[in-house]
Amino acid sequence: MIPVLDKNKNPLMPCSEKRARILMLRKEAKPYWYKGFFCLILQKEPSSREYQKVCIGVDPGSKMSGYTVKSVKHTLLNLQVKAPTHVKAAVEQRKIMRRSRRSRNTPYRKCRFNRSVGKRIPPSTKSRWLQHLNIIRLTSNMYPIKEVVVEDIKAKT
């Protein structure tokens with residue numbers, strides 16, 4: 001199924017590959033690449049703006065995450081994305097750099113008490129959940145998503 005956008009790049013219900021090919025041959029739609037995904041932009045007003053219920057399902061994992069965009073009748077998109085793993089090393093590097101600055105004989109800001117005690121989310125967990133939000137935003141710009149379902153068993157969010 002090919003995502004379809006109107007002239008203002010608002011998502012409409014997707015169409016089949018065959019219908020997309022016909023629309024492009026008739027010059028009623030033009031091809032459009034959105035962040036690596038192939039879409040169509042309609043050149044005229046759509047015949048109707050009735051939508052099926054479109055939902056995105058998120059299956060978060062520590063190494064890989066799965067995303068599925070489904071309507072009542074069709075599976076529109078399946079994605080499998082690697083989770084960010086660079087965060088732990090970046091935090092360690094930041095810690096080392098900060099300590100090296102503090103050991104030099106230069107003026108620096110005094111340590112302040114930790115104001116985020118009890119409210120802190122670990123950086124690696126935060127980056128994984130921000131990735132989920134970014135992918136949901138990306139797909140909602142291509143499909144008329146009305147509902148988000150997250151399979152979450154163990155993660156504390």
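Helices and strands here are DSSP runs, numbered from the N terminus, with at least four residues for a helix and at least two for a strand. The model is predicted, and the names β2, α1 and so on follow that numbering.

A good place to start is the largest pocket. Rolling a probe the size of a water molecule over the atoms shows where empty space is left. The largest pocket holds about 560 Å³ of space. Its lining is made up of 22 residues. Among these, Met13, Pro14, Cys15, Arg19 and Ser47 lie nearest the centre of the pocket.

Two elements, strand β2 (11-15) and helix α1 (17-25), each supply at least two residues of this lining. The most comes from β2, which gives four residues. Sorted by class, the lining of the largest pocket has 11 nonpolar residues, six charged residues and five polar ones.

The next stop is strand β5, which covers residues 55-59. β5 pairs with strand β6 (residues 64-70) through five bridges, and the two strands run antiparallel. A hairpin of four residues leads from β5 to β6. Within this pair, Asp59 stands opposite Gly66 in β6.

β5 also has a second partner, strand β8, made of residues 147-150. Here four bridges join the strands, and they run parallel. Ile56 of β5 can be found opposite Val148 in β8. Strand β5 is thus joined to β6 in an antiparallel arrangement and to β8 in a parallel one.

Key
Residues are numbered from 1 along each chain as its sequence is written. This is a predicted model: local features need pLDDT of at least 70, side-chain atom pairs count only at pLDDT 80 or more; totals for chains, interfaces and linings use all residues. Side-chain values use heavy atoms; hydrogens and water are left out. On a 1 Å grid over the protein atoms alone, a cavity is a set of points where a 1.4 Å probe fits but cannot get out, and a pocket is an open set with protein on both sides within 12 Å along at least five of seven lines; lining residues have an atom within 4 Å of a point. Grid points are joined across faces, edges and corners, and a volume is the space filled by probe spheres set on the points. Ala, Val, Leu, Ile, Met, Phe, Trp, Tyr, Cys and Pro count as nonpolar, Asp, Glu, Lys and Arg as charged, and the others, Gly among them, as polar. Two strands pair if DSSP finds at least two bridges between them.
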